[in-house]
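Thanks for sharing this one. Here are a few notes to read alongside the coordinates, beginning with the ligand and ending with some single residues.

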Amino acid sequence: MSYLPCNYKTAELSNGKVHAITKKFPRHILSENTIVIRPYYMGICRADIKEIMGSRDVPTDRGPLFGHELVGSVIFSGTKTGFQEGELVTFNPNITPDRTTGFAEYVFVHGTEEQLDQTVIRVPEYDIIHHIWMPEPMACIVHATQKMLELNNLTDLKGKKVGIIGAGCSGIMFSMYARHLEAAVAIFNRGEMRRKFASDRHLFSAEEIHSLADTNAYQNAFDIVMVVSTMVSSEILKKAATLVSDGGTILIYGGTREGDKFLTTSVNIDVVRRQELIQLTEYDGKKIRICGAYGCYKQDYEESFRLHAEHPDQFPLEKIVSEEIDFEDFSNLVMSMATGEKDYPGKVVIRTNFE
Ligand SMILES: NC(=O)c1ccc[n+]([C@@H]2O[C@H](COP(=O)([O-])OP(=O)(O)OC[C@H]3O[C@@H](n4cnc5c(N)ncnc54)[C@H](OP(=O)(O)O)[C@@H]3O)[C@@H](O)[C@H]2O)c1
């Protein structure tokens, strides 16, 4: 273990502020059940920003998300982990809270062999370090889409019209997957910046991308409406209810808080999302199914790698990255995102300069 350093740099979130700190490398906690990952890249997720702002309800079974998107190398693997040093891996934050933040030079994960098998996911794509994309958010999209199909007794989206509210990173990936499953897709975004980014990168055709202000022109037009905004506000739900057809489905994916309801109905959209339920309700003279999805599993990562490898033209996931920064600049930049001073149209990734 002489290759392990004495100190390492990590970010620390406390009282709504992110600081870069140097910590002593905790050799004493390395056990037969520990994996230490050295990230090459980390991604900033909207959920990280919400945790800084205190606007995310943290589930106790999984712990905080702050720093959960990463691609790195196993640099220490205990004898009961099932992993080898040097393996290229990514991370699933939905299994155990027993881990440190991914916004660090080293990430410490503890668990049984079964837990670690689900938490640390092998990356089969060695080129990812040079053409970076983040597997975790795509795995969540695969999971949510498959869950939505299952809850609606569908096997694919052939012939379906899918409307997506929010052209952020998740909305863009939902549209890629829905198109792959043969749906006709339209995406609605409030601000100009994300619409322009998606058009400039040829992620959508001009017919597919619209202003959120134009929803009235698409009343009852969609079999399925996916709500993928930072927070699922009443204003956005009203737009989803306008877009969906009678008998159609609304998927709740964006941020919800405890007790949030679907407009004037009794459907609790936070419970529907976190427990992955489907409920039939009536709103504005229409029958609507409201369903939700949350998190992802190992098989969703594996499906994401397969989709990316076999259909690179349909899943140009690298194009979603809009900014690469150095780890030294992370704490200032993420705080400027949290205060709203800065916003980026795509994924912001942080490189650690680990070769
Ligand atoms: N269910 C799950 O398993 C799961 C998994 C991962 C993420 N999520 C959640 O999904 C949400 C979106 O994530 P993301 O990565 O796509 O975030 P993102 O890239 O930051 O995009 C955020 C999107 O929300 C829109 N938005 C924000 N405030 C809005 C408002 N007041 N009115 C209308 N649109 C608004 C933005 O539009 P503008 O361009 O107009 O700002 C943008 O399209 C996050 O809340 C995240 O926590 C859920």
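1. An oxygen atom of the ligand sits 2.8 Å from a polar backbone atom of Gly191. Another backbone contact involves Ser170, where a polar backbone atom is 2.9 Å from an oxygen atom of the ligand. A nitrogen atom of the ligand also takes part, with a backbone N or O atom of Ala293 lying 2.9 Å away. For the terms, a polar contact is a pair of N or O atoms within 3.5 Å; within protein, one must be able to donate a hydrogen and the other to accept it, and residues adjacent in sequence count only if both atoms are side-chain atoms.

2. A word on the basis of these notes: this is a predicted model, in which local features need pLDDT of at least 70 and side-chain atom pairs count only at pLDDT 80 or more, while totals for chains, interfaces and linings use all residues. Residues are numbered from 1 along each chain as its sequence is written, and side-chain values use heavy atoms, with hydrogens and water left out.

3. How much of the ligand does the protein bury? Taken alone, the ligand exposes 930 Å², and the protein buries 86% of that. Accessible areas here come from the Shrake-Rupley method with a 1.4 Å probe; for residues, only the protein chains shown count as cover.

4. The ligand is surrounded by 25 residues, and the closest are Arg46, Lys50, Asn189, Arg190 and Thr230. Being near the ligand means having a heavy atom within 4 Å of it. By type, the shell holds 10 nonpolar, 10 polar and five charged residues. In this split, Ala, Val, Leu, Ile, Met, Phe, Trp, Tyr, Cys and Pro are nonpolar, Asp, Glu, Lys and Arg are charged, and the others, Gly among them, are polar.

5. Helix H1 (46–53) and helix H4 (169–180) each supply at least two residues of this shell, and H1 gives the most, with three. Helices (H or I, at least four residues) and strands (E, at least two) are DSSP runs, numbered from the N terminus. The ligand lies between domain 1 (7–123 + 316–351) and domain 2 (137–292), because both give residues to the shell. The domain bounds come from an automatic or database domain assignment.

6. Next, the interior. The largest nonpolar core has 66 residues, of which Met138, Leu157, Phe174 and Met226 touch the most other members. Helix H3 (residues 135–151) provides the largest share of this core, nine residues, and domain 1 and domain 2 each contribute at least three. Such a core is a set of buried Ala, Val, Leu, Ile, Met, Phe, Trp, Tyr and Cys residues joined through side-chain atoms within 4.5 Å. Buried means under 20% relative accessible area, exposed over 50%, and partly exposed in between (1.4 Å probe, protein chains only).

7. Two residues deserve a look at their backbone. Glu182, in the loop between H4 and strand E9 (184–189), has a positive phi of about 75° although it is not a glycine, and it is partly exposed at 47% relative accessibility. Asp284, in the loop between strand E13 (278–283) and strand E14 (286–292), has a positive phi of about 55° and is likewise not a glycine; Asp284 is exposed, with a relative accessible area of 67%.

8. Is Lys347, in strand E16 (residues 347–351), buried or exposed? Lys347 is buried, at 7% relative accessible area, and its side chain reaches the backbone oxygen of Ile44 at 3.1 Å.
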